[in-house]
Amino acid sequence: MIKAVIFDLDGVIVSTDEYHYLAWKQLADEKGYSFTRQDNERLRGVSRMESLELILRDASQRYSQAEKLAMAETKNVIYRQLLSKLQADAVLPGVLDCLVDLKARGVKVAIGSSSKNAAYILQAIGLDRTFDTVVDGTCITRSKPDPEVFSQAAQQLGMAPESCLVVEDAAAGIEAALAAGMAVLAVGTAADDPRAHLAVSNLSQITTESMLQLQLPSVA
Ligand code: BG6
Ligand code: MG
């Protein structure tokens, strides 16, 4: 029986993909590297520094750690400028009803995100007081696909992993949730990932009842 739902933030609660893309693209253009929307898809759920490593993977030039940190900071400054446009209408379809319904049923809700901008984003969309706990990129030492972010969220909620359902839009996030021993609902571009236990295009396409009824075969 599912007693807690842990939501990824970017791409699940709110659409920030385009802002991430535009910010990385500006940095890549300045440095003379190619960066496409398809490349951006590979960065879903991946931490800022690991995203930069992926972008620089084929670069002939070698950068020091200090230079890489400066590049990541430049990207974040651009990203934060773009995020300043973010408002409550950026919340993805079905999210608010889903949260209201889960809370009415006494289900704990958490954020499990790789982002270090999570608190800022939650405040911008008016959901900074909604979740029972928020575990984000500032709390963890290992990013998705490592299970740390979800394990920490479950621990803070006082829930066993098998009582938790993770909602994810990224392959790295699905891997992390499975590694944490949790059930997974895939949304958006992750909906065709065969490893997910449930999949929908967005949260307006599923009832909270069917989310909560999910039982993992190994723990049923
Ligand atoms: C994840 C996004 O939620 O957060 C990634 O899917 C992003 O694309 C990562 O790189 C880190 O985000 P931030 O806000 O700390 O740069
Ligand atoms: Mg995501």
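A polar contact, as I will use the term today, is a pair of N or O atoms within 3.5 Å of each other. With that in hand, please keep in mind that what we are looking at is a predicted model, and let me begin with ligand 1.

A backbone N or O atom of Lys116 lies 2.6 Å from an oxygen atom of ligand 1, which means that this pair falls within the 3.5 Å limit and counts as a polar contact. Leu43 also approaches through its backbone, with an N or O atom 3.1 Å from an oxygen atom of the ligand, whereas Asp10 uses a polar side-chain atom, which lies 2.6 Å from a ligand oxygen. Taken alone, ligand 1 exposes 400 Å², and the protein buries 96% of that.

Where does ligand 1 sit? The space it takes is the largest pocket. There are 15 residues around the ligand, and those that come nearest are Asp10, Val46, Ser115, Lys116 and Asn117; by character, the shell divides into 3 nonpolar, 8 polar and 4 charged residues.

Asp10 brings us to the magnesium ion, ligand 2, whose protein donors are Asp8 (OD), Asp10 (O) and Asp169 (OD), at 2.0 to 2.1 Å from the ion. Along the sequence, these donor residues follow the spacing D-x1-D-x158-D. Asp10 lies in the loop between β1 (4-7) and α1 (17-31), while Asp169 lies in the loop between β4 (164-168) and α8 (171-179), and so this pair ties together parts of the protein that are 159 residues apart in sequence.

To close, I would point again to Asp10, which has a polar side-chain atom 2.6 Å from an oxygen of ligand 1 and is also a donor of the magnesium ion.

Technical notes:
Residues numbered from 1 in each chain as written. Chains lettered and ligands numbered in written order. Predicted model: local features only at pLDDT ≥ 70, side-chain atom pairs only at ≥ 80, totals over all residues. Heavy atoms only, no water. Near = heavy atom within 4 Å. Polar contact = N/O pair within 3.5 Å; in protein donor to acceptor, adjacent residues only side chain to side chain. Areas by Shrake-Rupley, 256 points an atom, 1.4 Å probe, with all protein chains shown as cover. 1 Å grid on protein atoms, 1.4 Å probe; cavity = no way out; pocket = protein on both sides within 12 Å on 5 of 7 lines; lining within 4 Å. Sits in = over half its atoms within 2 Å of the grid points. Nonpolar A, V, L, I, M, F, W, Y, C, P; charged D, E, K, R; others polar. Donors = N, O, S within 2.8 Å, 3.2 Å for Na, K, Ca; no water. Helix = DSSP H or I, 4+ residues; strand = E, 2+ residues; numbered from the N terminus.
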